[in-house]
Amino acid sequence: MAMPRPTVAQFAYGSCTVIFSTLAMLLLSGTSSGPGVAVVAVSALALGLLVAVTVPAPRRPAAPARPAAPRPVRATVPAPARGPVRDSVREPVRERAAS
C-alpha cells in the first residue's frame, strides 16, 4: 500500500509553522546555547509535522450515479408590447392595380 503524497497546503502550513514557531520560541526563551537551540528546533519540527498532518485532505468529487432524465421545456411566447400604435399599422394594405 503506497503512502499518500502530501499536498501543497500541507507543505505550506507545515513550513510556516516550523519557521514561525522556531523564531517565536528562540525569541521568547532567549537561549543561545547549542543544546537549547537544538531543543527549540526539534520541538518546532514536531509542531510543524503535527500541523501538516492535521490539515484536511482534499475530497474527491463523488462520481455521478446516473445522468438525470431530461425535463420537458416549457416555452412561452411574450405578449405583444403595449404602447403607441403607428397609423401605418392600422391602415389596411392596399394592392396596386396593374395598369
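This is a short walk through the structure above, from the whole chain down to two of its residues. Keep in mind as you read that the model is predicted.

Let's start with the whole chain. It holds 3 helices and 0 strands, and if you follow the sequence from beginning to end, you meet the pattern α-α-α. The chain has 99 residues, and buried ones make up 11% of them. Its accessible surface comes to about 9900 Å². Of that surface, 65% belongs to carbon and sulfur atoms.

Now find two of the helices in the picture: α1, which covers residues 8–29, and α2, which covers residues 34–54. How should we describe such a pair? Two packed helices are described by the angle between their axes and by the distance between those axes. Here, the axes of α1 and α2 come within 8 Å and cross at roughly 150 degrees. An angle over 145 degrees counts as roughly antiparallel, and therefore α1 is roughly antiparallel to α2. As for the handedness, α1 passes α2 in a right-handed crossing.

Which residues meet where these two helices touch? On the α1 side they include Q10, Y13, G14, T17 and V18, along with S21, T22, M25, L26 and S29. Their partners in α2 include V37, V40, S43, A44 and L45, and also L47, G48, V51, A52 and V53. Sorted by class, this contact has 12 nonpolar residues, 8 polar ones and no charged ones.

Let's zoom in on one residue from each side, beginning with Y13, which sits in helix α1. Y13 and V53 lie 40 residues apart in sequence, yet in space their C-alpha atoms are 9.6 Å apart. If we set aside the neighbours within four places in sequence, Y13 is in contact with V51 and V55.

Across in helix α2 you will find A44. Is A44 buried or exposed? Its relative accessible area is 0%, so A44 is buried. Which residues does A44 touch, not counting those up to four places away in sequence? They are V18, S21, T22 and M25, and these four names also appear among the α1 residues that meet α2. For M25, the step along the chain to A44 is 19 residues, while 8.3 Å separates the two C-alpha atoms.

To put the picture together, trace α1 and then α2 in the structure: the two helices run roughly antiparallel, in a right-handed crossing, with Y13 in α1 and A44 in α2 as handy landmarks.

Note on methods: Residues numbered from 1 in each chain as written. Predicted model: local features only at pLDDT ≥ 70, side-chain atom pairs only at ≥ 80, totals over all residues. Heavy atoms only, no water. Axes fitted to C-alpha atoms, helices over the stretch in contact; angles between N-to-C directions. Parallel < 35°, antiparallel > 145°, perpendicular 65-115°, else oblique. Left-handed = near helix turned anticlockwise from the far one by under 90°. Contact = heavy atoms within 4.5 Å. Nonpolar A, V, L, I, M, F, W, Y, C, P; charged D, E, K, R; others polar. Buried < 20%, exposed > 50% of the residue type's maximum accessible area, 1.4 Å probe, protein only. Areas by Shrake-Rupley, 256 points an atom, 1.4 Å probe, with all protein chains shown as cover.
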